[in-house]
Amino acid sequence: MAVAISFDSDHETIPLRDNHTSPGQLAQGEYGARAGVPRILDLLDRHGMTATFFMPAVAALARPDEAREYVARGHEVAAHGWIHERTTLLPEAAERDLTARSLDALERVCGVRPRGIRTPSWDFSAATLQILLDLGLEYDSSLMADDDPYELRSHGRDTGLVEIPVDWIRDDAPYFVMDRFGSARPYTSPRDVLGVWVDEFDSARADGGTFQLTLHPHVIGHRSRMTVLDELLGHVMSHGDVWCASHAAVADWVRGQITAPGE
Ligand SMILES: [Zn+2]
């Protein structure tokens with residue numbers, strides 16, 4: 001089976017996108033960079049695991065050393081929008097421009113051009129697929145039509161673009177994030193979440209499938225949550241038949257299983 005762990009290093013980009021610049025809001029994102037990322041990198045090292053970090057361009061430009069550290073430690077850096085924009089609210093030309101500029105910015109900062117993308121908030125417009133194809137991206141990780149990776153089709157044709165599907169079940173945000181001014185306070189015990197993710201992993205392993213996880217440094221990086229992530233990764237790596245890889249490496253493997261477009 002394949003294990004594809006990902007971290008969306010959004011940091012302050014979500015409040016900044018909405019023009020919220022109060023220190024109180026920015027501090028909640030800043031926590032991801034200050035406290036979360038160092039813990040996460042050490043945890044991955046300890047378990048000998050490779051991960052993918054999806055990073056908005058603004059987050060990488062604000063903290064270029066962090067983005068370069070991901071690469072230096074053997075992880076993948078992939079695209080996650082310009083400033084965590086709401087893709088489906090943008091005209092196509094703006095979505096195309098921001099996506100192209102985000103790839104250029106990450107390449108400038110990291111020295112490696114991103115091969116894949118996770119659209120901000122998994123927000124996928126009617127134009128997104130063609131934009132990703134035109135920009136030469138090799139995989140996307142924003143859609144939810146299967147448990148295991150699949151090939152995206154456009155107007156009835158295979159595109160060669162690999163989808164590494166996500167789901168809210170395997171995302172830390174819906175369990176832990178609360179809106180200060182809203183009524184929703186979906187706080188879930190980290191140990192309950194560990195149970196869900198262990199069951200997801202064990203079932204994927206029984207199927208010979210893929211276990212994909214989406215985490216956020218400003219969400220998972222807190223002490224009680226890192227404790228259960230440590231336990232989860234220990235459980236994952238205790239099995240000898242697990243292949244832990246970047247999303248790009250999983251996409252390469254999938255591409256080897258599918259017929260090239262036009263054949
Ligand atoms: Zn994000």
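This is a short tour of selected sites in the structure above, stop by stop. The model is predicted, so local features need pLDDT of at least 70 and side-chain atom pairs count only at pLDDT 80 or more, while totals for chains, interfaces and linings use all residues. Residues are numbered from 1 along each chain as its sequence is written, and side-chain values use heavy atoms, with hydrogens and water left out.

**Stop 1: the zinc ion**

Select the zinc ion first. Its coordination comes from Asp 10 through two OD entries, His 80 through NE2 and His 84 through NE2, at 2.1 to 2.5 Å. Donors here are N, O and S atoms within 2.8 Å of the metal (3.2 Å for Na, K and Ca); water is not among the atoms, so sites may look incomplete. The angles among the four donor atoms run from 54 to 137°, and the site is irregular. For four donors, tetrahedral would require all angles between 85 and 135 degrees; square planar, or octahedral for six, would require opposite donors over 155 degrees apart and all others between 65 and 115; anything else is irregular.

Along the chain, the donor residues follow the spacing D-x69-H-x3-H. Asp 10 sits in the loop between strand 1 (2-8) and helix 1 (13-17), and His 84 in the loop between strand 3 (76-79) and helix 5 (92-110), so this pair ties together parts that are 74 residues apart in sequence. Helices (H or I, at least four residues) and strands (E, at least two) are DSSP runs, numbered from the N terminus. Asp 10 and His 84 are both buried; that term means under 20% relative accessible area, with exposed over 50% and partly exposed in between (1.4 Å probe, protein chains only).

**Stop 2: two positive phi values**

Now pick His 11, in the loop between strand 1 and helix 1. Its phi is near 45°, a positive value in a residue other than glycine. Most residues other than glycine have a negative phi. His 11 counts as buried, at 2% relative accessibility.

Move on to Ser 121, in the loop between strand 4 (116-117) and helix 6. Phi of Ser 121 is also positive, near 60°, and at 42% relative accessibility this residue counts as partly exposed.

**Stop 3: Thr 128**

Continue to Thr 128 in helix 6 (residues 128-134). It is buried, at 1% relative accessibility. Which residues does Thr 128 contact, leaving aside its neighbours within four places in sequence? They are Thr 87, Glu 95 and Thr 119, where contact means heavy atoms within 4.5 Å.

**Stop 4: aromatic rings**

The structure holds seven aromatic pairs. Rings of Phe, Tyr and Trp (its six-membered ring) pair if their centres lie within 6.5 Å; planes under 30 degrees apart count as stacked, over 60 as edge-to-face and the rest as tilted. Select Tyr 175 and Trp 197: their pair is edge-to-face, 6.1 Å centre to centre with 75° between the planes. Tyr 175 lies in helix 7 (residues 173-176) and Trp 197 in helix 8 (residues 190-207), so the pair ties together parts that are 22 residues apart in sequence. Both residues, Tyr 175 and Trp 197, are buried. Add Phe 176 and Tyr 187 to the selection to see the cluster that ring pairs form with Tyr 175 and Trp 197.

**Stop 5: His 239**

Finish at His 239, in the loop between helix 10 (223-237) and strand 9 (243-244). His 239 is buried, with a relative accessible area of 17%. Leaving aside neighbours within four places in sequence, His 239 is in contact with Phe 201 and Arg 205.
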